[in-house]
Structure formats: structure tokens, C-alpha cells
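Trainee: I'd like a close look at one small part of this model before I get lost in the rest. Could you start there and then work outwards?

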Amino acid sequence: MSATSFETLWPSLPVPSIIVSDDDKICEVNSSAEGFLNASAKSMRGVPVMDKLAIDAPLEEAFERVRRDDAPMFINNVDVSGGNAAPVQCNIQIAPLSGKPGWVLLLMEPRQIADRLGRSHSVKSSARSAIGMAEMLAHEIKNPLAGITGAAQLLSMGISAEDQELTDLIVEESRRIVALLEQVEQFGNLRPPSRRPINVHDLIDRARKSAQLSYAASMKFVEEFDPSLPPTFVDGDQFMQVFLNLFKNAAEASDKKEGGVIRIRTFYDLSLRLRRKDGSGAALPLQVEIIDDGPGLPPEIAGDIFEPFVSGRENGTGLGLALVSKIISDHEGWISVESNPGKTVFRISLPVAPKEPS
Ligand SMILES: Nc1ncnc2c1ncn2[C@@H]1O[C@H](COP(=O)(O)OP(=O)(O)O)[C@@H](O)[C@H]1O
Ligand SMILES: [Mg+2]
């Protein structure tokens, strides 16, 4: 390897890496490892590698094997710590250095990064293909269904009242399927948000009024708003969907005949920051909590309620919270839930609208 290519490649390696000489001393440390071990390359060169790294694996033996077999080796899930920092779980690779007998390259990839990248990618893409498929099906089923409904309505004209019950059933059930299909289509069609500064209380009020006219008619709403809250920066129509879905779930969960209570709290809390993919942070200081006094999430699905098609209700589609979570993540917001019998809290954290240029 020529000098220049090593000098460009080495510092850019995104994995903490160390070159160890044939007498187990540190020879080179890349910048990623400097950060990981919280020490400069200069201070580490020439130091025995065992003095710098606390590794919960027989590292000397591993080096010996790599040298003997002249072949790389992998050790997964070991705790690595440098100096006084807390240990971090890593997957380690040790490879012989070509052209330098006895020298080895040690790569330590923190597990959190590996796992997080892997998992979030697979969840997103599997959800996406499931949604794409469902959307296509939804479209294809709607036409024949319209035919079935029409035929049932025609049939119902010339028959006895008793038989009409059956045709009514066909029509009614078909309507339910159409409603479900429309929900699926809406999910697939969601355009990117068109964001503008909006007072979140206006949105909540609009959603509450609409919910009170239908499924939440028997629910009592209690608003605890912080009137000093600055405007947020969202797509108003999409956030109407968010609040409507949360109110609907709260109303449907309520097992009280006279209707339960939905409490809506808003407040300012600067402590939550979301880490973006590029590593920069975004503050999410506007908090909206939607709290109901129903029985709480069914424990068997509590961990999966934001996944599409997960429902704890007989006639549920499992798309409501998946839509909510998609909209919120498209806005780089955050949603979390804490649920106990008698108190379920969905908390949404949102950014503040950027200042108008003056
Ligand atoms: N406020 C709530 N209280 C209790 N359970 C809830 C609440 N919100 C959601 N759930 C549970 O989460 C499931 C998924 O909700 P959702 O994605 O809206 O789908 P759906 O309402 O169609 O079932 C619901 O079926 C219900 O079991
Ligand atoms: Mg729902």
C-alpha cells in the first residue's frame, strides 16, 4: 500500500481500529479509535495493547491464533473499555497485516451501532413492502366489492323482510371492508408533509370537535393547555389524523358505559432531543399528552402497537397507530406510550417552528 493511500484510508475508517506490532504494542490508532478510547494516538503509540484496552475476551490467545493461522478471526459480543469509560459491547475482528509478519489489525465495532442500523433498516423496509402489497390489494378488492354491494341492493328490492336482513348484512359488511381498504390506501398514499408554523392547540381543538361529533360523543374531554406554547412546525392535515386516531383509540378503549375521560395536556420541556441520522441533534420541546382512563394496552401487544396490522380489537385494522407513528417520524418528532390500567398516556414531542426571518 502506498503511503498516501494508507494516510487517506486509515483516518477515514469508521470503525475503531488499532494496528498491533508483533510484540503486542500499539503501533497505529485511527481517529475513530481515538474517540472510542478517549485518548490520542500519540499517547497510545508504543504502549502494550493490554494496558490500554480492557477486553472481556482472551485477546492474547486470539492474537496468537491469528498469527499462527495467518487468518482473520471474529469475536462477537465482548465488552471493551478503554481507560475509565464504561465498557461497550463490541464485535471484534482481528486480521493479520499483510506484508508484516506477526502484526495484526484489530477492529472493534460497537454493537449498538451495528444493531441499531440493522434493525431499523429491516423494520422500515419490511413495513414498506407489507404496506405496498396491502395497498395494491386494497385497490383490487374495491371494484368487485362495489359490484357485490350493488347486486345485494338490487336483490333486496323484491324479497321478504326476513331475507332483507341478509342482504342488509352483505351491504353493511361490504361497507366495513371498504372503510378498511380506504384506511390502507390512505396509509400508502401519504404524501411528504407540507409543514408550516401552527398553534398546536388549534389542531387539538379541531380534532376534538370532530371526534365529539362521532365516536367520542360519550367521552368527556379535559384540556390542560399551556397557553404560552410557541407554534409548532407540522402539516396540519396530517396532524389532524394523528389526534383523531389517538382520540378514537381512547374512546374505543373506554369500558365505561357513561364514557371515560380524555385528558389533553400540553407543556414545554426542553430535555428531549432527537438524534438525527447525520448525528446532529434536534430539540423537541413541545409536549402533547393524551391521557385516558381506560383499561390500558393489552399486555400481549403492548410492545408492537405502532406496527401495522397489530390490533387488540375484534374489528380493528391495526393501522391507526402505524399511521400516527409514520406521520410523526416524517416530522422528526417522537411518540411514546406509558400504559397502566386506568391511565394510558400517549406523549407526542414536537419541534418549535423556526423563527421568521425579520
Ligand atoms: N388508548 C388506548 N387504550 C388501550 N389500548 C389501546 C389504546 N390505543 C391503542 N390501543 C391498543 O392498540 C391497538 C392498535 O391500535 P391501532 O393501531 O389504532 O389499531 P386499531 O384501532 O385498528 O386496532 C388497539 O387495537 C388497542 O388494542
Ligand atoms: Mg385505532
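Trainee: In strand E1 (residues 17–20), which residues point one way, which point the other way, and are they buried or exposed?

Mentor: Bear in mind that this is a predicted model. On one side of E1 you have Ser17 and Ile19, and on the other Ile18 and Val20. All four are buried, whichever way they point.

Now look at what E1 pairs with. It runs antiparallel to strand E6 (residues 104–110), with 4 bridges between them. To find your place on that side, go to Ser17, whose bridge partner in E6 is Leu107. E1 also pairs in the antiparallel sense with strand E2 (residues 26–29), here over 3 bridges. Ile18 is a good marker for that pairing, with Val29 as its bridge partner in E2.

E1 and E2 make a hairpin, with 5 residues between the two strands. Have a look at Asp24 while you're in the turn, as its phi is positive, about 65 degrees. There's another residue with a positive phi further along the chain: Glu332, just after H10, at about 55 degrees.

Since you're at the hairpin, check the cysteines too. Cys27 counts as partly exposed because its relative accessibility is 24%, and buried means under 20%. Cys90, on the other hand, has a relative accessible area of 0%, so it is buried. The disulfide count for the model is 0.

From here, move out to the packing. In soluble globular proteins, nonpolar side chains tend to be buried together. In this model, the largest nonpolar core has 44 residues, and Phe239, Phe243, Phe247 and Ile348 have the most contacts inside it. Several elements give two or more residues to this core, including helix H6 (111–155), helix H7 (161–189), helix H9 (236–253) and strand E15 (343–350). H9 supplies the largest share, 9 residues. The core also draws at least three residues from each of domain 2 (115–188) and domain 3 (196–350). There is a second, separate core of 28 residues, and Leu37, Ile55, Val78 and Leu106 are among its members.

Back in the 44-residue core, H9 deserves a slower look. Phe243 and Phe247 both sit in that helix, 4 residues apart, or about one turn. With a relative accessible area of 0%, Phe243 is buried, and Phe247 is buried with a value of 0% as well. Leaving out residues up to four places away in sequence, Phe247 touches Ile204, Ala207, Arg208, Ala211, Tyr215, Phe221, Ile262, Ile264 and Ile290.

The rings make a nice sub-plot. The model has 5 aromatic pairs. In one of them, the ring centres of Phe243 and Phe247 lie 6.5 Å apart with 25 degrees between the planes, so the pair is stacked. Both rings belong to a cluster that ring pairs build from Phe221, Phe239, Phe243 and Phe247. Another pair, Phe306 with Phe346, is edge-to-face, at 6.4 Å centre to centre and 85 degrees between the planes. Phe306 is in the loop between E13 and H10, and Phe346 is in strand E15, so this pair ties together parts that are 40 residues apart in sequence. Phe346 is buried, with a relative accessible area of 7%, whereas Phe306 is partly exposed at 22%.

Two more residues are worth clicking on. Val184 sits in helix H7 and is buried, with a relative accessible area of 7%. Apart from neighbours within four places in sequence, its contacts are Ala134, Glu135, Ala138 and Leu319. Val184 and Glu135 are 49 residues apart along the chain, yet their C-alpha atoms are separated by 5.9 Å. Then there's His201 in helix H8, which is buried with a relative accessible area of 8%. Setting aside residues up to four places away in sequence, His201 touches Phe225, Asp226, Pro227, Leu229 and Thr266.

Finish with helix H10. Its buried residues are Gly320, Leu321, Ala322, Leu323, Val324, Ile327 and Ile328. H10 is also one of the elements that give two or more residues to the largest core.

Technical notes:
Residues are numbered from 1 along each chain as its sequence is written. Chains are lettered from A and ligands numbered from 1 in the order in which they are written. This is a predicted model: local features need pLDDT of at least 70, side-chain atom pairs count only at pLDDT 80 or more; totals for chains, interfaces and linings use all residues. Side-chain values use heavy atoms; hydrogens and water are left out. A disulfide is a pair of cysteine sulfur atoms within 2.5 Å. Buried means under 20% relative accessible area, exposed over 50%, partly exposed in between (1.4 Å probe, protein chains only). A nonpolar core is a set of buried Ala, Val, Leu, Ile, Met, Phe, Trp, Tyr and Cys residues joined through side-chain atoms within 4.5 Å. Domain bounds come from an automatic or database domain assignment. Contact means heavy atoms within 4.5 Å. Two strands pair if DSSP finds at least two bridges between them. Rings of Phe, Tyr and Trp (its six-membered ring) pair if their centres lie within 6.5 Å; planes under 30 degrees apart count as stacked, over 60 as edge-to-face and the rest as tilted.
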